[in-house]
Amino acid sequence: GLHSNADLAFRAAQTKMTLDTILDIQPKEGGGGGGMTREEIVLKLVDDLQTKLPPDYRADDVSAGIKSLGGMGKPLNICLKQEIDRLQKVLKTVRSMLSNLKLAIAGTIVMSPELVD
């Protein structure tokens with residue numbers, strides 16, 4: 001039950017969004033040849049980022065390192081432990097997003113809005 005003008009504007013916006021989506025999923029290959037596609041460029045960047053990521057922090061190594069610094073009785077060591085835990089969560093998320101991005105480009109999984117960003 002939209003007003004006829006509102007219905008027309010809604011349908012025009014819906015059509016534009018659908019056509020934009022169709023155009024976005026079309027392959028973007030240049031006519032010059034020899035260039036890399038968008039997907040190849042992204043895959044190259046993902047591989048590069050994956051090689052630059054530091055290894056995961058192991059809990060026993062972190063605990064041993066903090067003990068050597070005086071243990072968890074010191075406020076700075078507590079802060080250090082909390083920051084290492086936060087960084088580990090970030091590393092886990094980045095690794096997961098990069099591997100999901102590779103799978104999405106290959107067509108194995110659906111490209112989520114998080115991966116698009």
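Which residues make up the largest nonpolar core? In this predicted model, that core consists of V46, L53, L91, L98 and L101, which is 5 residues in all. Helix α4 supplies the largest share of this core, namely 3 residues.

To place this core in its setting, it helps to step back to the whole chain. The protein chain contains 5 helices and 0 strands, and a reader who follows the sequence from its beginning meets the pattern α-α-α-α-α. Of the 117 residues in the protein chain, 12% are buried, while the surface that the chain exposes comes to about 9,300 Å², with carbon and sulfur atoms supplying 62% of that area. The contacts within the chain can also be sorted by how far apart the partners lie in sequence: among those between residues at least 6 apart, 51% join residues at least 24 apart.

One member of the core, L91, shows what such contacts look like for a single residue. If residues up to four places away in sequence are not counted, L91 touches L53, P54, P55, D56 and Y57. One of these partners, L53, belongs with L91 to the largest nonpolar core.

Helix α4, which spans residues 75-106, offers two further residues that are worth finding in the structure. A104 has its place in this helix, and it counts as buried because its relative accessibility is 11%, which lies under the 20% cut-off for that class. The C-alpha atom of A104 is separated by 9.8 Å from that of V116, although the two residues are 12 apart along the chain. N100 also has its place in helix α4, but N100 counts as partly exposed because its relative accessibility is 27%, a value in between the limits of 20% and 50%. The C-alpha atoms of N100 and V110, which are 10 residues apart along the chain, are separated by 9.1 Å.

V116 leads on to another feature, the largest pocket, in which about 450 Å³ of space lies. This pocket is lined by 11 residues, and those closest to its centre are D24, R38, E39, M111 and V116. The elements that each give two or more residues to the lining are α2 (38-52), α4 (75-106) and α5 (113-116), so helix α4, which gives the core its largest share, takes part in the pocket as well. Sorted by class, the lining of the largest pocket has 8 nonpolar and 3 charged residues, with no polar ones.

Technical notes:
Residues numbered from 1 in each chain as written. Predicted model: local features only at pLDDT ≥ 70, side-chain atom pairs only at ≥ 80, totals over all residues. Heavy atoms only, no water. 1 Å grid on protein atoms, 1.4 Å probe; cavity = no way out; pocket = protein on both sides within 12 Å on 5 of 7 lines; lining within 4 Å. Points joined across faces, edges and corners; volume = space filled by probe spheres on them. Helix = DSSP H or I, 4+ residues; strand = E, 2+ residues; numbered from the N terminus. Nonpolar A, V, L, I, M, F, W, Y, C, P; charged D, E, K, R; others polar. Buried < 20%, exposed > 50% of the residue type's maximum accessible area, 1.4 Å probe, protein only. Contact = heavy atoms within 4.5 Å. Areas by Shrake-Rupley, 256 points an atom, 1.4 Å probe, with all protein chains shown as cover. Core = buried A, V, L, I, M, F, W, Y, C linked by side-chain atoms within 4.5 Å.
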